[in-house]
Amino acid sequence: MSMRSVVAFNKPLINQAHLRALPNSVRGFHAAYIQGTVNDPTKYPSPDRYHGSYHWAFERLISVALVPLCAAGAVKHGVSGVVDGGLSVALLLHSYMGFENVMVDYVEKRKFPIVAPIATWAIRALTVATGVGLYEFNTNDVGLTELVSKLWTA
């Protein structure tokens, strides 16, 4: 007697006649969901050279735009509303994209089906509220660059 027959590797685990009598939902997946066998390699989508490149380029553009805007804000303290507005928009976009990337990387919808959409919409709502606050601060108060210069000299 071989070891295979002792351990029962050569016998089917489930009686096929009983399996056919079960409804499809109990039997498992249909063939439409599973393509190939367990040993077949994973099918990846065909590469697209533009997928993600515009998003990446826009993130880099905003990050690079912050350098001259911060320098201009340091030189011209509160004199230019254009510098205040540009710096506010660039900081807001940079922060939003950073938080969005954190959400995509660490709070996935498939892992956290309830928390992920709530957190995503919370980030969007906070971004809009921050944008309104920055607009009000730049138009009705001293402005972002003047605030930084006053804090720096205080």
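This report walks through some helices, annotated residues and charged pairs of a predicted model.

## Helix α4 and what covers it

Let us begin with helix α4, which runs over residues 53-75. Its 23 residues reach 34 Å from the first C-alpha to the last, close to the 33 Å expected at 1.5 Å a residue. The buried residues of this helix are Glu 59, Ile 62, Leu 66 and Gly 73, and they pack against α5 and α7.

Glu 59 deserves a second look. With a relative accessibility of 11%, Glu 59 counts as buried, because the cut-off for that class is under 20%. Glu 59 also forms a salt bridge with Arg 60, where the closest N and O atoms are 3.7 Å apart. Arg 60, at 35% relative accessibility, is partly exposed.

## Helix α5 and its two annotated residues

Helix α5 takes in residues 81-106, and two of its residues carry a UniProt annotation. In an unreviewed entry, UniProt gives the feature "binding site" for His 94 and for Tyr 106. His 94 lies in α5 and is partly exposed, with 34% relative accessibility. Leaving out residues up to four places away in sequence, His 94 touches Ile 62, Ser 63 and Leu 66. Of these, Ile 62 and Leu 66 are among the buried residues of α4.

Tyr 106 also belongs to helix α5. Tyr 106 is exposed, its relative accessible area being 61%.

Ser 88 offers a contrast within α5: Ser 88 is buried, with a relative accessible area of 5%. Beyond its neighbours within four places in sequence, Ser 88 is in contact with Leu 134, Asn 138 and Leu 144.

## Helix α6 and its buried residues

Helix α6 covers residues 115-140. At 1.5 Å a residue its 26 residues should span 38 Å, and the end C-alpha atoms are 37 Å apart, which agrees.

The buried residues in α6 include Ala 116, Ala 119, Ile 123, Thr 127, Gly 131, Leu 134 and Asn 138. Why might such a spacing along a helix be worth noticing? An α-helix has 3.6 residues a turn, so residues three or four places apart point the same way. The cover over the buried residues of α6 includes α5 and α7, the latter spanning 144-153. Ser 88 of α5 fits this picture, as its contacts include Leu 134 and Asn 138.

## From the α5-α6 loop to a nonpolar patch

Phe 112 sits in the loop between α5 and α6 and is partly exposed, at 37% relative accessibility. With residues up to four places away in sequence set aside, Phe 112 touches Tyr 106, Val 107 and Pro 117. One of these contacts, Tyr 106, is a residue that UniProt marks as "binding site" in an unreviewed entry.

Phe 112 also joins Ile 114, Val 115 and Ile 118 in a nonpolar patch on the surface, with about 400 Å² of accessible area together. Ile 118 is part of helix α6 and is exposed, with a relative accessible area of 56%.

## Salt bridges

How many salt bridges are there? The count comes to 2 salt bridges. Side chains of opposite charge can pair when their charged atoms come close. One of the pairs is Glu 59 with Arg 60. Another links the side chains of Arg 110 and Glu 108, at 3.2 Å from N to O. Arg 110 is exposed, at 71% relative accessibility, whereas Glu 108 is partly exposed, at 24%.

Conventions
Residues numbered from 1 in each chain as written. Predicted model: local features only at pLDDT ≥ 70, side-chain atom pairs only at ≥ 80, totals over all residues. Heavy atoms only, no water. UniProt positions renumbered as here; feature names shortened; annotations may be inferred. Helix = DSSP H or I, 4+ residues; strand = E, 2+ residues; numbered from the N terminus. Buried < 20%, exposed > 50% of the residue type's maximum accessible area, 1.4 Å probe, protein only. Expected span 1.5 Å × (residues − 1). Contact = heavy atoms within 4.5 Å. Patch = residues over 30% accessible without salt bridge, like charges linked within 9 Å, V, L, I, M, F, W, Y side chains within 5 Å. Areas by Shrake-Rupley, 256 points an atom, 1.4 Å probe, with all protein chains shown as cover. Salt bridge = Lys/Arg side-chain N within 4 Å of Asp/Glu carboxyl O.
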